[in-house]
Amino acid sequence: MNFHTAGHKRGVVCAPHAAAVEDGRAILAEGGNAIEAMLAMAASIAAVYPHMNHIGGDGFWLIREPNGRVRAIMGAGRAGSKATVRFYRDAGHYEIPARGPLAALTVPGAVAGWMLAFEAAKAQTGKGINKGSSRLPLHVLFDAAIRHAREGYAVSRSQARLTVDKYAELETAPGFLDTFLVGGKAPEQGAKLKQTAFAATLEHLAKAGLGDFYRGDVGHEVAADLERIGSPVTRADLEKHEARIAEPLSVQVSAGTLYNTPPPTQGLASLIILALFDRLRVSEGDSFAHIHGLIEATKRAFIVRDREVTDPDLIDGNLLRYLDANFLDPEVEKIDRRKAAKWPQPYGEGDTIWMGAADASGLVVSYIQSLYWEFGSGCVLPATGVLMQNRGASFSLEPGAVNALAPGRRPFHTLNPALAALKDGRVMAYGTMGGDGQPQTQAAVFTRHVLYKQPLERVLDAPRWLLGRTWGSTHTNLRMESRFDGALIDRLMAAGHDVAVLDDGYSDTMGHAGAVVLHADGTLEGGHDPRADGGAAGV
């Protein structure tokens with residue numbers, strides 16, 4: 001599988017697993033559009049990369065239509081009706097458990113997002129690769145995913161490692177051991193693993209329609225299993241759940257218009273980082289001024305994010321003011337170009353997948369799907385094979401907190417897919433997994449490729465940094481891959497950054513980034529991270 005591909009005339013996809021890449025490419029080859037390719041990959045990636053995502057999680061879309069309009073699909077689940085502070089206090093908890101049934105406290109929102117995306121795909125009739133062709137049905141889009149789950153897939157390097165690393169946390173989660181072990185042991189890389197119940201669920205949804213996940217037979221089985229294991233999510237919670245279409249957040253920078261998703265995601269922070277950095281007018285890529293400037297812009301953006309971003313129903317005021325020059329111009333003056341501001345701030349972690357797709361009609365898709373932590377809650381529902389997320393573990397049991405728990409409330413999301421419409425005519429979808437690292441890696445990818453004109457494959461390979469804690473660590477310092485120039489690291493340390501150089505030159509801690517680009521001449525390019533298990537392909 002190639003990490004980079006270019007020069008395509010019909011379509012291009014990228015994903016963190018090779019099987020998902022091939023399944024998306026096959027849909028493009030069959031005449032499907034970029035949204036349909038993404039739907040196929042969204043199902044496939046859950047079948048072959050379940051430690052990073054599943055249909056028991058959430059998902060967010062940015063879709064750029066051929067007419068230039070950009071829309072967001074917000075597939076965020078709400079806290080169950082039984083998920084009260086008293087519910088957890090009575091169970092003896094002063095914070096929400098990160099694993100097990102009590103961590104599975106929010107409705108899975110990803111499939112509801114798929115529903116709206118499928119409708120959007122059908123609306124593109126006559127505008128796709130094969131103009132005038134009918135849109136592809138769900139059974140075609142899900143066929144490869146069903147096959148992977150039923151017949152078995154080769155366990156990836158990261159799934160094998162994380163099963164071992166997180167075993168002690170997950171072994172008591174209902175259904176985990178039966179689903180993700182082989183012969184009673186953590187699987188080795190390359191071992192074959194099946195998700196037969198999940199295959200049957202996808203097959204049923206392809207026939208009955210995606211709404212069945214919430215209001216049909218699948219929803220009934222999901223609710224029954226959740227009740228059996230003691231989750232606070234009820235059948236009524238599933239039945240009333242819907243995704244929504246929203247206007248994306250956007251900001252103008254010198255290179256064009258940047259888009260990202262609104263709350264409850266951290267899309268606001270990603271846009272603030274790039275808008276502030278644009279105002280620094282740094283001329284040289286990968287210089288001290290570049291890396292230091294992005295780190296300091298990240299600090300400013302995270303302060304706003306942690307103060308303001310929560311369930312949109314609870315936000316008092318218009319967050320667009322933070323993307324206005326009246327805020328950004330004085331805010332950038334708070335960045336010292338020579339010294340590091342004091343840190344840390346709170347950290348958000350998470351394992352996720354980001355994928356991109358684009359086609360010759362002008363459709364460009366940026367999509368992110370997640371369980372929150374590795375394997376989410378760890379709870380696999382036996383009747384459906386659904387692996388439940390633990391996104392609700394990010395809620396606080398303190399009533400006055402920004403992200404306080406209450407039934408029906410949407411938790412804060414680190415997930416945020418990015419898209420840019422550039423002044424030179426290019427449209428670029430880009431993103432990554434990695435919790436707090438998502439805005440930082442997005443900024444690295446965008447600035448290196450767009451501002452400093454580095455080739456996409458070089459950008460995705462280049463060393464990266466992360467400000468904040470890594471998994472299993474209490475440190476909140478600046479982590480940097482070992483491939484950075486030593487003189488640059490020394491200068492950052494001299495400026496006051498608390499730097500730790502990772503042993504690994506290509507670390508999963510830095511996320512799995514990717515991008516697809518629709519060029520002004522109509523050709524298509526894509527690339528994905530060598531840190532992951534995927535790549536890019538086109539037709």
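In what order do the three strands of the open sheet with mixed pairing stand? The legends below take up this sheet and a second group of strands in a predicted model.

**View 1. The open sheet of three strands.** The strands are arranged in the order E16-E17-E18, and their pairing is mixed. Strand E16 (465-467) and strand E18 (499-501) stand at the edges with a single partner strand each, so one side of each of them is left without a neighbour in the sheet. Averaged over neighbouring strands of this sheet, and with direction ignored, the turn of one against the other is 20°.

**View 2. The pairing of E16 with E17, and the helix on the sheet.** Three bridges connect E16 to strand E17 (residues 478-480), and the two strands pair in the antiparallel sense; within this part of the sheet, Leu-467 stands opposite Leu-478 of E17. Helix H18 (residues 486-494) packs on the sheet, where it touches both E17 and E18, and the direction of H18 makes about 155° with that of E18.

**View 3. Strand E14 and its partner E9.** Strand E14 (residues 418-422) has four of its five residues buried, that is, under 20% relative accessible area, and is therefore largely enclosed by the rest of the structure. Strand E9 (residues 256-260) runs antiparallel to E14 and is joined to E14 by five bridges, with Leu-419 in E14 as the bridge partner of Tyr-259.

**View 4. The hairpin of E14 and E15.** Strand E15 (residues 427-431) pairs with E14 in the antiparallel sense over four bridges, and Ala-429 in E15 is the residue that Leu-419 stands opposite. Four residues lie between the strands of this hairpin, in which Gly-425 takes a positive phi near 100°.

Key
Residues numbered from 1 in each chain as written. Predicted model: local features only at pLDDT ≥ 70, side-chain atom pairs only at ≥ 80, totals over all residues. Heavy atoms only, no water. Pairing = 2+ DSSP bridges. Axes fitted to C-alpha atoms, helices over the stretch in contact; angles between N-to-C directions. Contact = heavy atoms within 4.5 Å. Buried < 20%, exposed > 50% of the residue type's maximum accessible area, 1.4 Å probe, protein only.
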